[in-house]
Protein chains: 2
Amino acid sequence: MKLQQLRYLVEVAKQGLNVSEAAEKLHTSQPGISKQIRLLEDELGVQIFIRNGKRVVDVTAPGREILRISERMLMQAQNLKRIGEEFVNVEGGSLTIATTHTQARYALPKTIKAFLSRYPKVRLSIKQGSPTQISEMVVDGEADIAIATEGIDHYPELAMLDCYDWNRDIVVPQDHPLTGLTRPLTLADVAAYPLITYDFAFTGRNKINSAFEAAGLAPNVVLTAIDTDVIKTYVSLGLGVGIIAAMAFEPDRDHGLVAIDAGHLFESSTTRIGVRRDAYLRGYAFDFISLFAPQLSREIVQGALMCEIDDGE
Amino acid sequence: MKLQQLRYLVEVAKQGLNVSEAAEKLHTSQPGISKQIRLLEDELGVQIFIRNGKRVVDVTAPGREILRISERMLMQAQNLKRIGEEFVNVEGGSLTIATTHTQARYALPKTIKAFLSRYPKVRLSIKQGSPTQISEMVVDGEADIAIATEGIDHYPELAMLDCYDWNRDIVVPQDHPLTGLTRPLTLADVAAYPLITYDFAFTGRNKINSAFEAAGLAPNVVLTAIDTDVIKTYVSLGLGVGIIAAMAFEPDRDHGLVAIDAGHLFESSTTRIGVRRDAYLRGYAFDFISLFAPQLSREIVQGALMCEIDDGE
DNA sequence: CTTACTTACGCGAATCGTAAGGATC
DNA sequence: GATCCTTACGATTCGCGTAAGTAAG
């Protein structure tokens, strides 16, 4: 049994049971992969793939089990290499954060500034995407850490850690009727105007929806955006009332806009950090997490990585 | 990086950093191992072993980390092979239980009888040893399941599962003064006679010691044995009063002996099952555990394997 | 007829064992 | 001097790529 064989195996499964594509991805020949997989099947004494004539059409039951373990082993092989890098160059290295616009724009800058001054030699990169995309980046090893609010649960490969709770503000132009309100803001007040808020599956959008639904209101959402800057721009233009993450309102920069606390109208959202359970994290990666969410010490993160496993086996 | 290299690495560490012995154990040449380890060190870019001139004297810090991960990978490689066996021969296979005399003699027979009738094709074997020995058998992969009462905690590689609580009986010849006691038995009553009980580190012996200590009594233990049969034999001979596990008294067989419940005198002990956290257990292994301790369903055991990890990393 | 996998074959590389060399205890 | 590891070298094996063959859609 060789690691290379496992690599072939996993890649074939990843490419939808297409041996040729796997060969291309791995920069090798297709017959080589075929042969090695057969050799492995012979050695283990089980078929891993079901072949219909000369076509791979499915994975056998033992094959699924074998793939699962093989992936783990390859992950650990990668971890071995990272250990090497870590000790060769304690300070240097790279760290890739996958996150959403809102986090990157409003929550992360402070953390990143602190991180860069502490680890000037670490190449930090930020990849943006939808919550689903960023989860998959981490699952696929393209990023080390995912940071998002929505929809990054339910990946058994990832350990999720709560960072902080937050809620919404309503933003309106400064001469807007809602600014003169003497009583507390209600959902009905908000629903009376055209609304501008986040796209579905982004930045706690579903908490907004459910609040209106629970109140029996059908708000008129005239525009949805992925990022807060777009929302604010159109609010400035008078297109409607914005509902944004409270942390995304910057009094110094957002001239002409007024934020009204709406924390009592919506259920609060929790921003989470996600890391691959079985990935080897460099020392500075733990520090990054601690800088972002001080309660997440290295010990706590490592504890969470090991426990809370429920990947239905 | 190749699995073979990791195997060499781990074996060298296991043989006390002696490359030659590792070579012998693995039936290969010593220069081969040396070379492969060096190649791996080159590939990873770190020294794994500290060499004093031409002698391996220690493991480096990254080396410890690398060894830990390598062991895991090799374990999983072995699991892959087991998966093959499992599916080739769903009913057949082997299962090795490492346990102490008391368990093998009094607790296990019922379980084993049921198991054998259910899986007649499984080659079941039982290895006996001290709690420490049986723990190490499982850690080293020589046995699949450890069953014991004492001293098999504190192995981070093992997951421990409580099976049942039990306590002690006093056994005496049937004409012994203690049989005529009209009031409840006390520790002082027992300590008044020469005692025969288990060897240190066996079958809850330390619970017996602490009970006497707490009562300020210094019992006269005239004989210690590993197994209950020896204790009963010498009690029959009138050598003293026996303290044994309650489950080890068999009224039908133990003619001439009387058991007196002593559950109120000693803290109860818990018999536990231990399995390697990262080993692949065959389906029938889970069934064996369930037969022995019905509350330990396959789901519960698997849950315990994954969580409750605290291997101080 | 195209796509996709298998078989066959030859090259180059890697692994392993033997033998000799040097360091440490 | 004994033990233990490294270096050197040759033989075998192994993995990989090219080319041809065959089955499925």
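In this predicted model, the side chain of R51(B) places a polar atom 2.9 Å from a phosphate oxygen of DNA strand D. A polar contact here is a pair of N or O atoms within 3.5 Å; within protein, one must be able to donate a hydrogen and the other to accept it, and residues adjacent in sequence count only if both atoms are side-chain atoms. S20(B) has a side-chain N or O atom 2.6 Å from a phosphate oxygen of strand D, and for K2(A) the distance from a polar side-chain atom to a phosphate oxygen of that strand is 2.7 Å.

Around DNA strand D there are 23 residues, the closest being T28(A), S20(B), Q30(B), S34(B) and K54(B); a residue is near the strand if one of its heavy atoms lies within 4 Å of it. By class, this surface has eleven polar, seven charged and five nonpolar residues. With four residues, α3(B) gives the most to the surface. Of the strand D atoms within 4 Å of the protein, 69% belong to sugar or phosphate and the rest to bases.

The cysteines are a separate matter. C163(A) counts as buried because its relative accessibility is 9%, where buried means under 20% relative accessible area, exposed over 50% and partly exposed in between (1.4 Å probe, protein chains only). C163(B) is also buried, with a relative accessible area of 9%. Over all chains, zero disulfides are found, a disulfide being a pair of cysteine sulfur atoms within 2.5 Å.

Residues are numbered from 1 along each chain as its sequence is written, and chains are lettered from A and ligands numbered from 1 in the order in which they are written. In this predicted model local features need pLDDT of at least 70, side-chain atom pairs count only at pLDDT 80 or more, and totals for chains, interfaces and linings use all residues, while side-chain values use heavy atoms, with hydrogens and water left out.

Notes. Helices (H or I, at least four residues) and strands (E, at least two) are DSSP runs, numbered from the N terminus. Ala, Val, Leu, Ile, Met, Phe, Trp, Tyr, Cys and Pro count as nonpolar, Asp, Glu, Lys and Arg as charged, and the others, Gly among them, as polar.
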